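Please read the following report alongside the sequence and the three-dimensional structure. It takes up the strands and helices, and then a pocket.

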Amino acid sequence: MAMLLGLDVGSSSVTAGILHGTQVLAESPRVFFPNHCDGPRVEVDPDVLLAAIRQAIAQLGPRVKQVEVIALAGMCPAWVAMDRRGKPLTPIVTHQDRRSVAEAQALEKRLGGKRHLTLCGSRPFPGGISSTTWAWYKCHQPARLKKADLVGHLNTFLHRQMTGARVTDPSHASFTGLYRTLKLDGWSDELCANLGVNASLLPEILESDRIAGVVTAVAARQFGLRQGTPMMTGLVDGSAGMLLAGAKVGQLFNVVGSTDVLALCTDKPRPHPQLLTRALGVQGKWVQVSTLAAVASALYWVRAQFFPEIAIKDFPAELRRLSKLGPAASGPVRFDPSLAGDRMSIEQRQGAFTGLTLATTRTQMLSAVIEALTSASAARLPLLQATGTRILHSVAISGGADRLDQLLHRDWPGRWQRRTVTEATLRGLGTLTPRS
């Protein structure tokens, strides 16, 4: 089994690790990078991100030049347009961006909602399906795209910088809104025509475990790597975690963090208007996904605004106490948990409290947030069951030390076997066997 350099590029940080199989031999500390947030816009500076990746790799020391292959997992979508040299023409627009509501509505109206769902596997959710971001740039900043030679997601951008290749994998392609996701057979001329773009601007699609290129001499100097090191195409971070969980049909994988992502592995995808459907990236399988856009971020926002005297390390205990009390603790107060919008809808709501009176306490407000998130977590199970895949009552969980899954799974019906997987994305990359 090859010694592998794994790169885990999340929404706000990078981790690099050296692995032998799923065993982590060395791991960098997380290197954080800023997101630029301006109203509904959420962007990352490409140069700042590349600097974070270089720093994470450097922290592994000289041993990094001994690795035999590189594997990459990243947030998705993370959309960017590049010129013919691979230089970014736009910021990296992340999955948290919600600027493109009008463009999403137009894309769906032109093609028809049912047709878009059938071809793409998902509705054109703003920011969550990146054709909406591309449409926004075509409408509002067309000059940026005049020199565009390649348009893709994070793994395409990183390959262009590190190997020179123009590639992506099926898991990333699924979230472009331009891929025939249900057939896994390439870019859709119909979806490209609906957006008004030429498929020649899109990367070649290779399975996630294929060797897509080798590290160039320039990249070797810039990133501290060995020239000629093979690099696999890479995949969405959630796919890496699902592979570590076993990727059995019916397996649930739940990432519980700032955002909560619940994914079901299937070999017979059935699109649903309230779910995201994407390729796993390997094995000819898919995952169907329901996302809560703000979970830990919502809870810790309440701490910052209403309970600043409670230390962060002590706050989970207060969350567990209120969760055990149930809905009675919130009294008449209700909460709409849409502080970061809704990734599962084109129309975007905002978070809101209702039922407030002069007698309302901050504890009731925190309890209302807990109850809203708990209810929303459980409400996803019927949606996933409606896809027709029999769900195994086993859920693999990845998340922080605060174990928010213990709160969020409170109202899940039936008995569940829960197992925690650590370093899921990084170790999941170690399950990939490189293929030429």
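## The six-stranded sheet

Within β23, Thr420 is the bridge partner of Ile397; helices (H or I, at least four residues) and strands (E, at least two) are DSSP runs, numbered from the N terminus. The model is a predicted one, in which local features need pLDDT of at least 70 and side-chain atom pairs count only at pLDDT 80 or more, while totals for chains, interfaces and linings use all residues. Residues are numbered from 1 along each chain as its sequence is written, and side-chain values use heavy atoms, with hydrogens and water left out.

Ile397 lies in strand β22 (residues 394–399), which runs parallel to β23 and is joined to it by four bridges; two strands are taken to pair if DSSP finds at least two bridges between them. Both belong to an open sheet of six strands with mixed pairing, in the order β18-β19-β17-β16-β22-β23. At the edges stand β18 (276–279) and β23 (417–420), each with a single partner strand, so one side of each is left without a neighbour in the sheet. From one strand to the next the twist averages 25°. Helix α9 (residues 237–245) lies across β16 (252–256), β17 (260–266), β18, β19, β22 and β23, and runs at about 130° to β16; contact here means heavy atoms within 4.5 Å, and axes are lines fitted to C-alpha atoms, for helices over the stretch in contact, with angles from 0 to 180 degrees between N-to-C directions.

## Strand β2 and its partners

Of the eight residues of strand β2 (residues 13–20), seven are buried, so the strand is largely enclosed by the rest of the structure; buried means under 20% relative accessible area, with exposed over 50% and partly exposed in between (1.4 Å probe, protein chains only). Strand β1 (residues 3–9) runs antiparallel to β2 and is joined to it by seven bridges, with Met3 having His20 as its bridge partner, and a hairpin of three residues connects β1 to β2.

β2 also pairs in the antiparallel sense with strand β3 (residues 23–27), over four bridges, where His20 stands opposite Gln23. The hairpin between β2 and β3 has two residues between the strands, and Gly21 in the turn has a positive phi of about 65°. With strand β4 (residues 31–32), β2 forms two antiparallel bridges, and Ser13 stands opposite Phe32 in β4.

## The five-stranded sheet and helix α5

An open sheet of five strands, antiparallel in its pairing, follows the order β5-β6-β9-β8-β10. Its edges are β5 (36–38) and β10 (150–152), each with a single partner strand, so one side of each is left without a neighbour in the sheet. Three bridges join β5 to the antiparallel strand β6 (residues 41–44), in which Val42 stands opposite Cys37.

Helix α5 lies across β8 (78–82), β9 (92–94) and β10, at about 45° to β8. Eight of the nine residues of α5 (residues 154–162) are buried, so the helix is largely enclosed by the rest of the structure; among them are Phe157, His159 and Arg160. Gly164, which follows α5, has a positive phi near 85°.

## The second largest pocket

The second largest pocket holds about 350 Å³ of space. On a 1 Å grid over the protein atoms alone, a pocket is an open set of points where a 1.4 Å probe fits, with protein on both sides within 12 Å along at least five of seven lines, and lining residues have an atom within 4 Å of a point; grid points are joined across faces, edges and corners, and a volume is the space filled by probe spheres set on the points.

The lining of this pocket comprises 17 residues, of which Thr291, Leu292, Asp342, Arg349 and Ala376 lie nearest its centre. β19 (286–292) and α12 (362–385) each supply at least two lining residues, and α12 gives the most, with five.
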